[in-house]
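Work through the exercises below with the sequence and the model at hand. Each task is followed by a solution in steps.

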Amino acid sequence: MPSKSAISFRPAVCLLTILAITLSAACAPPPAVPDRAVNRTPPPAVPPPRQPVIEVRAESFGLPLAQDESSRQYAQASVFLQPGDSFQFEVNVPLEGEFTFSFDAAAAASVLERPEGQMQIDGVFPLSDFQRIIFPIFYRNRDSVFPKDRYGNDALIRQVREVRWSRAFVWDVNFSQAYPLRVKLSAGSHRFNFNLTQGALYLGNIYLEEFSPYPDYTQYVAEHSAPETNDFMLTLEAETPTYKNDTSVRPASDRNLTVTPYDTYRLLLNTLGGESWKKSGSAVYYTFTVPEAGWYALTLRALQNTRSNFTVFRRIRINDQVPFAQFNAIPFVSSVDWLDVTLGEDAQTPYKVFLQKGENVLSIEATNAPYLPAIKTIQQALLDINALSLEIKKLTGNQRDVYKEWVMSNYIPDIQPRLMAIAQNLIDDKVTLLAINRTGGSAEILSYQMAIDNLLFLAADPDKIPIFMGRLSEGTGSAAQLLGSLLPLLQDQPLALDRIYIHSPNNVPQTPSVPLSTTLGDGIKRFVHSFEPDPYQSLGAETNELEVWVNRPRQYVDLLQLMADETFTPQTGIRVKFSIMPNESKLVLANAANIQPDVALGVSTNIPYELAIRNALYDLRAFEDFGAFIQIYSPGALLSYIINDSVYAIPETQDFWVTYYRKDILNSLGLPVPHTWTEVIEMLPELQRYGMNYNTPLSSGSGQKDYLFTSPYLFNHGAKLYGDDGFATGLQSEEAVAAVKFMAESFTLYGMPLTTSSFYESFRYGTLPIGVSNFETYIKLMTAAPEIGGLWAIDLYPATVLDDGTQLRYTTGSAQTSIMFKNTDKAQEGWLFLKWWMSTETQSEFQERLMLNYGREYLWNSANLEAFSRLDIPSEHKTVILEQWRWLQEPVRLPGSYMQERELSNIWNRIVFDGVNPRVAIDRAVIIINREITRKMEEFGYLKDGQRLREFKIPTIERVAEWMKNAK
């Protein structure tokens, strides 16, 4: 039991911040403990007297106290926690009541991922949300003024992590509720167990505070006695917040004449947010000073033109507190132009807010709390639809036969009431949406109604459901698809801000309209200016500049130019001009016209070979330090870029193929994570019994199955793509036949899905709870699936077990590459640049700045293994990915290899769809492939009249590893 010095009581104060946790209802939450059930009814208008705040001091945690600089920013004692650290404490609650929980905390400067923890009360999680308590992490601009790029346009200010102590309340993981989470505690002693699961955290005191709703505005004014202020006006530019809790909220450029600052010819970052500020819980903070204490008002110059007929909301805090209930969700209606939104009943009657003399902090946070009832209804409807769909599939065998009649009520007696209940819940919540948005013309309302119509149609005649599954749960236009696509639309709350006014209630700002003459004059200037070439798209460089084309969006090019100007040019004296690549498919034409750049970045993996075989690229292995430089790569990553021991490209980014699995679903089915294809096949009957399946890359919607998908089957059966000399295909070997047979039987015999429109969506909804996918899926799950956060994990690609017991798990990993053209007159400069660009230091800085500037959606999968090992993702994920990259093997390319790639796809299609015998399909393809290889070998001078003129060396992983070893 903690000592009296460790736990004290003090008068209640309004303690509010932002943060925390919850596992959403996209999957069924664990049952809450009955005696801690939370009453979700609206809070009473006049709350009863509150109990004093219970304070648990850090000295009672039983851990060593922190003594470093970050901990000294906190006025009291604190501890430093790392993943796995835990502690216990006891609290005596005087009276039964509902309590909120908050922590004095600061995320360590060394982490970019928000710290997470878990807290049990009396040995159990009172709510499932307490399994993911999320703590805030703060960022600020390194400089106060936007830097200019070489063309005079604003560039983003570099973001830096800031160790900032704050009061962090326990919220749901989606930050969707109107209030922090609350738990009912009985009078008496309770034992708490806290465990940090992710990140690094400084933790101070913990507070238990009896829940009380925010006061109404009238009550708030009555409780505060303050003088009126007159004629005060302070303008803050929204694009430069003092700090923020989400790096994805970033400045943007707007060419509206009323926006400040403005320039006719230059792009200025003069607004904040828009599409980048839509996640509930994302907040920006502004520190400002007022000359005297008193009543003030707030006006925001805002624009919501992203979604028509849709209202978004923001939570307003003053000095870390929501002052009154109306500020908990301020509405912003959609508009085509900027609006001065005075926070109040109307522009003439603004809400009065008390500000203390001197420094104050304004917080503006995105919130979707008003839409939470509809969000929960949709999530529950999706669960109910999926459950019903699963029952129907188990009954019908997932077969549709228009000539077969069903009496569904004989097998599912309550099918009609269930459908009607789902539809009625949606109808009720549609009324809520209409009340918020005041119009039925929004896309959200229309999707809602279409889903309701589908359900009512099916409920009218349940016996027809087996042939109308497309209206229930499968495909575009089904109720499940409509509701699934509607869910993120309600969760996202996009809003842009231009200016923030802190003003006296009697001095409401009003932005003057721009005269027509000014608008016309500026329009003419911009029209004339539009005929000038875009400097970012313009090709060609000065004679003293290295010209680099980049096959990436502008934000990547801007950052590249900024970093090169900051570090590479000062270090080497070499100036670099970056341009956005017009079209990578025309690089061959650019080389023929002699307008090619010196270096090209972001080039797709299939392009370098086509250029190199035509003698258009520089042999990078000609540089003496090439062997030492490629130590940063996996040896198999280079194979596609090698021709006869010459290397014509280096990997820039790298994909990975790993097993994704839903921990919750596999645990509920009692299925272990498979590590071999044999184990995958063994689990399939159990998955398919419940209407689930296993995803493979071959299930992608594309009809053409590239080497990316087919070659791993050959590698893992010990087959070679080509003969030893490279003048014929290797598909006629027994190993290749076995590989092709398994590749086809996965679908014809074992029933894996032939097509998967979106593994990400199927994984979220549990229809494909396990399968192989790549980096794109990883980013989506990390950034856009918070409802299954903590419920999924990754493992290695399934191994193929050979007859001798050897396990092979090779996968491809091609993504983007960097190349140097042979015609360059700056070969040494280009090589220095490529080494700088792919160096561990540059790649680490680039990936960090990308995420800090644009958010985790811009996760950078560097091919530099050392740089990737520094990427701020969960360590267990990083371990799996780096281990899988040890098995990376790119398919070798040679003259005519494109025909083998095409024919491998054709073989699969013939076996799976036409029922052709595998050997017959392979024999037919071998003739076509060998004929094309011979023709191409003659075209490029390796053969003449069937006679070999020169040797063609097939590169191997062992050969590349030897280069690396000899360079050490």
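**Exercise 1. Find how strand E34 (residues 658–662) and strand E36 (residues 770–773) run relative to each other, parallel or antiparallel, and place them in their sheet.**

Step 1. E34 and E36 run antiparallel and are joined by 4 bridges; two strands pair if DSSP finds at least two bridges between them. Helices (H or I, at least four residues) and strands (E, at least two) are DSSP runs, numbered from the N terminus.

Step 2. One bridge can be located by residue: tyrosine 661 has isoleucine 770 of E36 as its partner.

Step 3. Helix H22 (residues 875–885) packs on this sheet, where it touches E34 and E37, and its direction makes about 25° with that of E37. Axes are lines fitted to C-alpha atoms, for helices over the stretch in contact, and angles run from 0 to 180 degrees between N-to-C directions.

Step 4. The open sheet holds 4 strands in the order E35-E36-E34-E37, and its pairing is mixed. Strand E35 (694–695) and strand E37 (792–795) each have a single partner strand, so one side of each lacks a neighbour in the sheet.

A note on the model: it is predicted, so local features need pLDDT of at least 70 and side-chain atom pairs count only at pLDDT 80 or more, while totals for chains, interfaces and linings use all residues. Residues are numbered from 1 along each chain as its sequence is written, and side-chain values use heavy atoms, with hydrogens and water left out.

**Exercise 2. Determine whether methionine 752 counts as buried or exposed, and list what it touches.**

Step 1. Methionine 752 sits in the loop between helix H16 (734–748) and helix H17 (759–765).

Step 2. Its relative accessibility is 2%, so methionine 752 counts as buried. The classes are buried under 20% relative accessible area, exposed over 50%, and partly exposed in between (1.4 Å probe, protein chains only).

Step 3. Leaving aside neighbours within four places in sequence, methionine 752 is in contact with residues including Trp677, Leu684, Tyr694, Thr696 and Phe747; contact means heavy atoms within 4.5 Å.

Step 4. Threonine 696 is 56 residues away along the chain, yet its C-alpha atom and that of methionine 752 are separated by 7.8 Å.

**Exercise 3. Trace the sheet that contains strand E28 (residues 545–550) and E29, and the helix lying across them.**

Step 1. This open sheet has 5 strands in the order E29-E28-E30-E40-E33, with mixed pairing. Its edge strands, strand E29 (575–580) and strand E33 (650–651), each pair on one side only.

Step 2. E28 and E29 pair in the parallel sense over 6 bridges, and leucine 546 stands opposite valine 576 in E29.

Step 3. Helix H9 (residues 554–572) lies across E28, E29 and strand E30 (599–604), running at about 180° to E29.

**Exercise 4. Which residues of the largest nonpolar core touch the most other members?**

Step 1. A nonpolar core is a set of buried Ala, Val, Leu, Ile, Met, Phe, Trp, Tyr and Cys residues joined through side-chain atoms within 4.5 Å.

Step 2. Of the 131 residues in the largest core, Phe578, Leu601 and Phe833 touch the most other members. H16 supplies the largest share of this core, 8 residues.

Step 3. Not counting residues up to four places away in sequence, phenylalanine 578 touches residues including Tyr151, Val548, Leu560, Leu601 and Phe833.

Step 4. Another core, of 78 residues, lies apart from it, and among its members are Tyr296, Ile392, Ala423 and Ile502.
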